[in-house]
Number of protein chains: 2
Amino acid sequence: MTNLISIKSATLSEDIAQQLTSAIVQGHIPQGSKISEPELAKQYGVSRGPLREAIVKLEGLGLVTRTANVGARVIELNIQDMLDTFTMREALEGMAARLAAITMHANEVRSLYALLDKHQAYLDDNQDEHYVQQGGNDDFHLRIIHASGNAKLIRLLTEELYAVIRMYRRHTADQRSDPRQALREHRAILDAIANHEGDLAELLMRRHISRASQLLKQAMEQTALASH
Amino acid sequence: MTNLISIKSATLSEDIAQQLTSAIVQGHIPQGSKISEPELAKQYGVSRGPLREAIVKLEGLGLVTRTANVGARVIELNIQDMLDTFTMREALEGMAARLAAITMHANEVRSLYALLDKHQAYLDDNQDEHYVQQGGNDDFHLRIIHASGNAKLIRLLTEELYAVIRMYRRHTADQRSDPRQALREHRAILDAIANHEGDLAELLMRRHISRASQLLKQAMEQTALASH
DNA sequence: AAATCAAAAATTGTCGACAATCTAACTTGA
DNA sequence: TCAAGTTAGATTGTCGACAATTTTTGATTT
């Protein structure tokens with residue numbers, strides 16, 4: 001019972017791929033564990049064909065690693081890979097912010113300011129508890145990425161990279177992060193975009209993501225210590 | 001007879017994926033054409049199982065697009081997608097150059113200067129003919145990417161993005177490009193890296209790629225005009 | 001008791017066949 | 001003649017079974 005709501009996809013393979021992705025990101029299938037094809041096929045009630053296609057997709061997403069004649073394993077999160085991934089994110093989302101600053105229309109800017117106000121209100125009402133922006137339309141970063149207007153960039157970030165990024169976010173209790181600080185940074189980025197200052201928007205987005213990665217690093221060092 | 005040399009992979013699926021990638025990049029399978037599973041399976045002498053897995057991989061590489069119950073088609077190159085892809089490349093290779101400037105050792109720097117001298121000598125001997133650096137160890141860009149030391153970035157650029165990039169390079173007769181100019185730019189980038197000037201290295205790499213994309217754009221407009 | 005080798009079990013890779021869906025040709029009616 | 005509906009063909013999606021490889025188990029030797 002990994003997923004309560006299962007949206008029927010056009011094909012079993014896609015369906016399984018989504019369910020597996022979700023199961024791995026949420027930790028229902030633990031890090032480093034082996035993916036047994038017969039076991040999972042039975043569990044999801046499908047044959048090994050579509051399941052294997054799903055696994056190939058997950059390999060493309062970087063969620064599992066495969067070895068010929070041996071099988072697939074869920075990746076193991078570690079600090080170095082996280083830093084490497086976030087460095088890529090810096091480059092890509094920094095570029096997205098730059099592009100957004102060039103092309104974004106006034107009404108979209110207003111809509112994003114409204115979103116930040118909403119986040120602000122949430123923090124005021126809920127004692128600074130983290131606002132869960134689980135990839136929906138309320139995620140500031142996703143909004144910026146889409147505003148870039150670069151279809152390739154959007155696909156890469158949202159469909160290929162974000163699964164792993166969410167995994168890192170979820171698996172480390174980042175109580176260390178300061179939501180109000182993040183919100184201030186979001187606002188500064190949006191200000192730069194509103195003023196069409198591409199250089200500044202990129203710089204601020206990079207700094208923002210770099211900060212986040214440093215916090216995550218500390219959190220991971222902490223949990224690594226605790227689990228030891 | 002798409003490939004003269006076929007290196008035996010551990011699994012048929014991998015083998016087919018490589019052969020298909022090569023066939024698409026080199027244009028043996030034309031742009032926009034439909035991928036017929038029965039036909040290709042017969043052609044490569046395998047069953048549809050491994051072939052389908054290969055197609056799923058190619059979809060991850062962005063070489064084909066798939067629609068449920070309809071099948072896969074080879075992507076069609078167009079200017080907008082090219083510009084979008086090269087913008088991503090700017091961001092990522094720019095970052096790679098920055099990282100290389102930080103970490104690269106003196107002997108690797110020397111080795112790269114030697115490579116550029118070799119390119120120079122080639123141009124002198126061959127009337128400025130384009131040096132074919134087909135992804136091997138002689139490709140300046142690949143060397144910089146690897147020098148970044150960022151495993152995720154290396155994988156993304158070399159294993160996932162470069163197939164499409166090579167496709168763009170190959171399908172447009174870029175006689176317009178000036179090899180000596182490119183070489184000068186490479187040298188400037190390497191100078192910045194040698195001096196550990198990350199900011200400058202990133203800036204120059206971005207400019208270099210941006211220039212290349214503009215030249216490609218002009219070439220594509222030209223060929224589009226010619227084919228009309 | 002530890003290490004090496006051999007046999008058995010399990011898992012992955014591949015295949016051919018059937019079911020579901022789409023595409024194209026044909027018929028029918030206005 | 002054209003449009004819509006229907007049927008035939010082809011293609012994709014899925015399944016179960018077999019072959020190839022790996023992993024585990026157990027026996028044998030030092």
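Okay, let's start with chain A: of its 228 residues, 47% count as buried. Keep in mind that what we're looking at is a predicted model.

So what is chain A built from? Nine helices and three strands. If you walk along from the N terminus, the elements go α-β-α-α-β-β-α-α-α-α-α-α. And here's a number on how the chain folds back on itself: take the contacts in chain A between residues at least 6 apart in sequence, and 72% of those join residues at least 24 apart.

Let me show you one such pairing of distant residues. Find A54(A), which sits in helix α3 of chain A. Now find I16(A). In sequence, A54(A) and I16(A) are 38 residues apart, but from C-alpha to C-alpha the gap in space is 6.2 Å. Leaving out residues up to four places away in sequence, A54(A) touches S13(A), I16(A), A17(A) and L20(A). Is A54(A) buried or exposed? It counts as buried, because its relative accessibility is 0%.

Hold on to L20(A) from that list, since we'll meet it again in the core. The largest nonpolar core has 135 residues. The ones with the most contacts inside that core are L20, L92 and I144, from chain A and from chain B. As a bit of background, nonpolar side chains in soluble globular proteins tend to be buried together. To see what one of these residues meets, go to I144(B). Neighbours within four places in sequence aside, I144(B) is in contact with A96(B), A97(B), A100(B), M104(B), L112(B), I193(B) and M205(B).

Right, on to the strands. The three strands of chain A make an open sheet in the order β1-β3-β2, and the pairing is antiparallel. At the edges are β1, residues 34-35, and β2, residues 64-67, each pairing on one side only. How many bridges join β1(A) to β3(A)? Two, with β3(A) covering residues 71-74. On that side, K34(A) stands opposite R73(A) in β3(A). On the other pairing, four bridges join β2(A) to β3(A), and there T67(A) stands opposite G71(A). Those two strands, β2(A) and β3(A), form a hairpin with three residues between them. If you look in the turn, N69(A) has a positive phi of about 65°.

Last stop is the DNA, and I'll stick to strand D. There are 19 residues around DNA strand D, and the ones that come nearest are L12(A), S47(A), K34(B), R48(B) and R52(B). Which part of the DNA strand do they meet? Of the atoms of strand D that come within 4 Å of the protein, sugar and phosphate account for 72%.

Let's zoom in on three chain B side chains. K34(B) has a polar side-chain atom 2.8 Å from a phosphate oxygen of strand D. R52(B) also goes to a phosphate oxygen of strand D, with a polar side-chain atom at 2.4 Å. R48(B), on the other hand, has a polar side-chain atom 2.7 Å from a base nitrogen of strand D.

Which elements give two or more residues to the surface near strand D? From chain A, α1 and α3; from chain B, β1, α2 and α3. As for the mix of residues on that surface, it's eight nonpolar, six polar and five charged.

That's the tour, thanks!

Key:
Residues numbered from 1 in each chain as written. Chains lettered and ligands numbered in written order. Predicted model: local features only at pLDDT ≥ 70, side-chain atom pairs only at ≥ 80, totals over all residues. Heavy atoms only, no water. Pairing = 2+ DSSP bridges. Near = heavy atom within 4 Å. Polar contact = N/O pair within 3.5 Å; in protein donor to acceptor, adjacent residues only side chain to side chain. Nonpolar A, V, L, I, M, F, W, Y, C, P; charged D, E, K, R; others polar. Core = buried A, V, L, I, M, F, W, Y, C linked by side-chain atoms within 4.5 Å. Buried < 20%, exposed > 50% of the residue type's maximum accessible area, 1.4 Å probe, protein only. Contact = heavy atoms within 4.5 Å.
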